[in-house]
Amino acid sequence: MSKPKVFVTRIIRDQGLDLVKDFCEVDLWPDELPPPRPALLERARGVDGLLTLLTDRVDDELLDAAGAQLKVVSNHAVGVDNVDIAACTRRGIPVGNTPGILTDATADFAFALLLAAARRVVEADAYVRQGRWKTWGPSILLGADVAGATLGIIGYGRIGRAVAQRAAGFNMRILVNDPNPIPEAEQNRVQAVDLDALLRQSDFISLHTPLTPETRGLIGADELAKMKPSAILINTARGPVVDQQALYEALKARRIAAAALDVTDPEPLPLDSPLLALDNLMIAPHIASASYASRDRMAYLAAQNLIAGLKGERLPHCVNPEVYG
Ligand code: DGY
């Protein structure tokens with residue numbers, strides 16, 4: 001019997017790729033950069049399954065190009081803002097994602113950014129390399145205390161909770177803002193507050209919302225204006241959750257102290273972005289989930305979702321279960 005045909009839009013870790021290769025006839029995009037749109041549309045034509053990354057837009061155009069035989073879209077990410085879920089659902093195509101397994105890696109990285117921004121680790125490294133370290137000095141590179149400070153977590157899902165666990169170890173006061181009520185059992189550890197109170201009271205604000213029409217631009221000029229002048233903003237969620245122009249202006253005018261971004265809008269951030277000229281901005285290239293074990297597990301789960309969809313079985317992690325009626 002012939003194997004199902006799939007297009008895998010980037011080389012993923014062997015833990016997933018080997019599984020896909022065992023079960024499918026694989027067309028693998030070999031480059032470091034994502035397939036350009038025309039290539040994506042062309043290579044999707046006639047396949048039974050697509051294994052996509054967050055850099056691939058999955059929409060009506062792509063689904064039409066693939067054709068009516070397409071059985072499954074497996075996205076190698078927990079976020080699915082690159083996928084038009086409604087378009088997949090209309091065609092009865094289940095969409096898989098990779099939740100849970102990257103929670104700790106992402107929370108670790110959010111906390112790494114928090115600590116590094118508070119204690120100016122990147123600036124300190126540059127200070128030494130640039131030969132500016134002449135002596136020990138009482139006022140050199142002073143930063144903010146993390147222990148005992150107030151952390152505001154916007155978006156209290158799996159990753160927000162994992163960040164709160166880390167913050168508890170630093171004796172932080174933890175405020176959270178989320179549309180869902182906080183279970184009673186957690187109310188002794190975190191305090192649910194409205195967005196206004198969180199913005200005004202927090203020393204550090206960490207974003208953990210998915211990107212949806214409601215969260216796009218959630219942190220804009222008004223929200224930045226409510227933050228303390230000493231506040232540090234951390235974004236490991238999605239770039240468009242923050243109005244980047246407003247953030248630039250707030251950082252430049254020192255209306256907030258600093259920001260640490262793992263995600264930007266667009267990605268990659270162009271080298272001439274004015275943000276990159278700021279010394280109170282720390283930036284990373286969307287690597288919060290980039291631990292060996294997390295990426296191995298993401299590849300494996302993306303492969304499992306893909307194969308389940310090809311077999312007509314329920315995906316282990318499906319974001320549109322309504323396709324199963
Ligand atoms: C995701 O999975 O959504 C992250 O942004 C990349 O790991």
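1. Start at the ligand. A polar backbone atom of Gly 79 sits 2.9 Å from an oxygen atom of the ligand. The model is predicted, so read this distance and those that follow as computed values. Two side chains also reach ligand oxygen atoms. His 286 places a polar side-chain atom 2.7 Å from one. Ser 289 does so at 2.6 Å, again with a polar side-chain atom. Taken alone, the ligand exposes 230 Å². The protein buries 90% of that area.

2. Next, the shell. The residues around the ligand are Leu 54, Ala 77, Val 78, Gly 79, Leu 102, Arg 238, His 286, Ser 289 and Met 298. By class, this shell has 5 nonpolar, 3 polar and 1 charged residues. Gly 79, His 286 and Ser 289 belong to the shell. Arg 238 belongs to the shell too, and it returns in the next point.

3. Arg 238 has a charged partner. Its side chain meets that of Asp 81 in a salt bridge, at 2.8 Å from N to O. Asp 81 lies in the loop between β4 (72-75) and α4 (85-90), and Arg 238 in the loop between β10 (232-235) and α10 (244-252), so the pair ties together parts that are 157 residues apart in sequence. Is each partner buried or exposed? Arg 238 is buried, because its relative accessible area is 14%, under the 20% cut-off. Asp 81 stands at 39% relative accessibility and counts as partly exposed.

4. A second salt bridge also spans the sequence. The side chains of Arg 166 and Asp 104 meet at 2.9 Å, N to O. Arg 166 is in helix α7 (residues 158-169) and Asp 104 in helix α5 (residues 103-118). The two are 62 residues apart, and the pair links distant parts of the chain. Arg 166 is buried, with a relative accessible area of 18%. Asp 104 is partly exposed, at 45% relative accessibility.

5. Now the wider charge pairing. Side chains of opposite charge can pair when their charged atoms come close. How many salt bridges does the structure hold? The structure holds 20 salt bridges. Arg 37, Arg 57, Asp 59 and Glu 61 are joined into one network by salt bridges that share partners. Arg 45 forms a salt bridge with Glu 42, and the closest N and O atoms are 3.6 Å apart. Glu 42 is partly exposed, with a relative accessible area of 46%.

6. Turn to the surface. Leu 271, Leu 276 and Ile 283 make a nonpolar surface patch of about 310 Å². Where is Leu 276 placed? Leu 276 is in the loop between β11 (258-261) and β12 (281-283). Leu 276 has a relative accessible area of 35%, so it is partly exposed. Patches are made of residues with over 30% relative accessible area, and Leu 276, at 35%, meets that cut-off.

7. Last, a pair of lysines. Lys 311 lies in helix α11 (residues 292-311). Lys 311 counts as partly exposed, at 46% relative accessibility. Which separation do its C-alpha atom and that of Lys 71 show? The two C-alpha atoms are separated by 8.9 Å. Along the chain, Lys 311 and Lys 71 are 240 residues apart.

Methods:
Residues numbered from 1 in each chain as written. Predicted model: local features only at pLDDT ≥ 70, side-chain atom pairs only at ≥ 80, totals over all residues. Heavy atoms only, no water. Near = heavy atom within 4 Å. Polar contact = N/O pair within 3.5 Å; in protein donor to acceptor, adjacent residues only side chain to side chain. Areas by Shrake-Rupley, 256 points an atom, 1.4 Å probe, with all protein chains shown as cover. Nonpolar A, V, L, I, M, F, W, Y, C, P; charged D, E, K, R; others polar. Patch = residues over 30% accessible without salt bridge, like charges linked within 9 Å, V, L, I, M, F, W, Y side chains within 5 Å. Salt bridge = Lys/Arg side-chain N within 4 Å of Asp/Glu carboxyl O. Helix = DSSP H or I, 4+ residues; strand = E, 2+ residues; numbered from the N terminus. Buried < 20%, exposed > 50% of the residue type's maximum accessible area, 1.4 Å probe, protein only.
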